[in-house]
Structure formats: C-alpha cells, structure tokens
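Trainee: I've never read a protein model before. Could you walk me through one, feature by feature?

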Amino acid sequence: MRDIAVFSGTAHTELAEEICAHLDVPLHPVRVSRFANDCLEVQLEANCRERDVFLIQPLVPPVQEHLVELLLMLDAARGASAGRITVVMPHYAYARSDKKDAPRISIGARLVADLLKTAGADRVLAVTLHSPQVHGFFGIPVDHLHALRELAAHFRQYDLDEAVVVSPDLGNAKEASHFARMIGTPVAAGAKQRFPDDRVQISAVIGDVVDRDVIVLDDEIAKGSTMIELMEHLRDLKVRSIRLACTHGLFSSNALRRLSEQEGVLEIVCTNTVPIPAEKRVPKLRVLSVAPALAEAMRRIHNGESVSALFG
C-alpha cells in the first residue's frame, strides 16, 4: 500500500503490530517522552506530509494518560501536514459516559469526541461503542465495527442445539439478538437495575434458559459484578453450562479469577481490543483477534471503499 503511514501510541502496541502485519506495511516509531514537570511530548518518527495517517490507540487504563498521548499524536500529525488523519480506537472508554442521568454531571463521551476533532482527527474507526448515541457525539465520520463475527465463528465450533444467548440487561438485548441470529439460537435477557453505589441487581431472566447451554454476551466486562449476579439467577434456573463472551475484556482487579471460579463457567471469551497482561490470564480465557477486521477496514478507508460491506 502506498502513501499510508501507521503509528501507535503505547496503549496496545501488540495489536498495532498485528494490524500492520495484515496490511503488510511498517508500524512507524513514535517517541513519547516526559518533561520534568510531568508533561508529555510526542514525536512521530516518520514522514506524514500529505500521507493517509492512521493512529492506533485504544483508551485503556491509564485512560487519561493514553488520551493525552493520542491528542498529542493528532496534533503532531496535523502539524506535519498529514493528508488525512484517522484515529483507530478499538476501545473508547468514555463511551459509558453518554447521558446526563444525575444533576451537574459531565457527558465525557461527547467531550472527548470534541477533543479528538479539535486535535486534528478527520475520522474515527471504533469497535463496539457502548451505546448507539455515542456515534452521534462525533462531528466527524465514524466507522463503527463490531466483533460479533469473530465471536460467532468461535462459538459455532460447539454443539448449539440446546444453546441460548443471554444479554445481562435489556440495553444490550438488540446486540444479543443479532448475535443469536448469527449462530442460530434463541435469546433471553436479564432485567437489571444499577444503584448509585454501583451495586447491581438482576430481578429476573426473561426467556427460556432452563436446562440450556448459556452464552452470556455483553459489550464489555470490567469488575464482573453484573455477570456474577446474573449467573446466580442462571444457576437457580438449572442451566446446564455457562460461557461468558464480550468484546472488551477490561477485567479490572481480580475479575478474571472471580469469574473463572464461578460454578458452571466453562469459558470466558473476549477480543484483543484491550491488552490483557499475562499475569491476569486464566486457563478458561480465550482471546480472539480483531486485527484482521481492523486491517481490512483501514484498507477500505484508505482505498475509498465501503466499510459497511464488512457487515454483509
């Protein structure tokens, strides 16, 4: 590919290298340094002038550090006269801050979207945003991929005759329904309520799950409290087995260990939109790669081809 330049911040260089391997282009170096006053400085160490520049940086912990790093990369590319700058953001952490559900709180998803545009982004390539309205917060084009194809390909290896896809809440039910159609199973959903102290309560499971093999699908798993609460109800309903699936495996603190030790859990499946350190991994974890999908989307963006065709 000609006239393309790919750079990565420090958030997930392993994914960036895999994407570049699929594109058969080099991953150009980025120098990130820190001044004595703790401010960051970023230098893109390859020519950007009039080139199609892609900056790969998921917003993962430490989120604020990686966000500022991304903004500085955007500013550097714009200052270097890049022809077009696309932010490849496999995980958009601020997407959860998408509504004003209490007095005097910020809507971080919209603010960060504005910051990216102001810093110089011409378009964004994202994966599984937390809610549909987040797409509309951006004042620039957004190509919004999902990882359902990768997840579906993984679960089709099993006998799904008695399987059912379960969404932890009604908000994720549409995506769960789409996934269930892809693998040919029925769908069910939990009725979830979240309290101000971040406590989660699931009052019921809507749909038939008795004596079935359950695949619980969510967009992300952080602390795992919702999954643990849901699994208590599923066990009360005498399900045969439980597999957990998500796009973004954040797995904060000891969430992976807690989930893997739950009775009936056979497998935990996520993608590599978020880096998972080796010390956090457990034997039941399966990590699927979204690098081929992101690479193909980047190729289509560069060549002016349809990205929506990837969903066909």
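Mentor: Sure, and let's start with a single residue. Arg104 has a relative accessibility of 76%, so Arg104 counts as exposed, the cut-off being over 50%. Keep in mind that this is a predicted model.

Trainee: Where does Arg104 sit in the chain?

Mentor: Look in the loop between strand S6 (84-89) and helix H3 (108-119). Now check its backbone: the phi of Arg104 is positive, about 60°, although Arg104 is not a glycine.

Trainee: Which other residue has a positive phi of about 60° although it is not a glycine?

Mentor: Try Asp211, with a positive phi of about 60°. Asp211 belongs to the loop between strand S11 (200-206) and strand S12 (213-221). Its relative accessibility is 45%, so Asp211 counts as partly exposed.

Trainee: What about Asp208: which loop holds it?

Mentor: Asp208 lies in the loop between S11 and S12. At 49% relative accessibility, Asp208 counts as partly exposed. You can also compare distance along the chain with distance in space. Asp208 and Leu237 are 29 residues apart along the chain, and their C-alpha atoms are separated by 9.3 Å.

Trainee: Okay, loops make sense. How do I read a helix?

Mentor: Begin with the general idea. An α-helix has 3.6 residues a turn, so residues three or four places apart point the same way. Then ask which residues are buried.

Trainee: Which residues are buried in helix H6?

Mentor: In H6, which covers residues 173-183, the buried ones are Ala173, Glu175, Ala176, Phe179, Ala180 and Ile183. They cover an arc of only 155° around the axis, which puts them on the same side of H6.

Trainee: What does the face of H6 turned away from the buried side carry?

Mentor: That face carries the exposed residues Lys174 and Arg181. Then look at what follows H6: Gly184, with a positive phi near 75°.

Trainee: Can we do a buried residue in a loop next?

Mentor: Let's take Thr273. You'll find Thr273 in the loop between strand S14 (265-271) and strand S15 (285-288). With a relative accessibility of 0%, Thr273 counts as buried.

Trainee: Leaving aside neighbours within four places in sequence, what is Thr273 in contact with?

Mentor: Its contacts beyond those neighbours include His12, Leu15, Pro58, His91, Thr247 and Val290. Glu18 is another residue to compare with Thr273: they are 255 residues apart along the chain, with 12 Å between their C-alpha atoms.

Trainee: And Ala147: buried or exposed?

Mentor: Buried, since Ala147 has 0% relative accessibility. Ala147 is placed in the loop between strand S8 (142-145) and helix H5 (148-155). Apart from neighbours within four places in sequence, Ala147 is in contact with Val127, Thr128, Thr247, Thr271 and Val290. Try the distance exercise here too: Ala147 and Val165 are 18 residues apart in sequence, and C-alpha to C-alpha they are 15 Å apart in space.

Trainee: What should I look for in a peptide bond?

Mentor: Look at omega, which tells you about the bond joining one residue to the next. From Pro61 to Pro62 the peptide bond is cis, with omega near -5°. Pro62 lies in the loop between strand S5 (52-56) and helix H2 (63-79).

Trainee: How do I read a pocket?

Mentor: Ask about its space, then its lining. The second largest pocket has about 170 Å³ of space. Its lining consists of 13 residues, and Pro61, Val63, His91, Ala93 and Leu250 lie nearest the centre. By type, that lining divides into seven nonpolar, three polar and three charged residues.

Trainee: What does the whole chain look like?

Mentor: Count the secondary structure: nine helices and 15 strands. The radius of gyration is 20 Å, close to the 20 Å that the globule rule gives for 312 residues, so the chain is as compact as a globular protein of that length. The C-alpha trace spans about 60 × 45 × 35 Å along its principal axes.

Trainee: How much of the chain do buried residues make up?

Mentor: Buried residues make up 52% of the 312 residues. For contacts, consider those between residues at least 6 apart in sequence: 64% of them join residues at least 24 apart.

Technical notes: Residues numbered from 1 in each chain as written. Predicted model: local features only at pLDDT ≥ 70, side-chain atom pairs only at ≥ 80, totals over all residues. Heavy atoms only, no water. Buried < 20%, exposed > 50% of the residue type's maximum accessible area, 1.4 Å probe, protein only. Helix = DSSP H or I, 4+ residues; strand = E, 2+ residues; numbered from the N terminus. Arc of directions from axis to C-beta. 1 Å grid on protein atoms, 1.4 Å probe; cavity = no way out; pocket = protein on both sides within 12 Å on 5 of 7 lines; lining within 4 Å. Points joined across faces, edges and corners; volume = space filled by probe spheres on them. Nonpolar A, V, L, I, M, F, W, Y, C, P; charged D, E, K, R; others polar. Rg over C-alpha atoms; globule rule 2.2 N^0.38 Å. Contact = heavy atoms within 4.5 Å.
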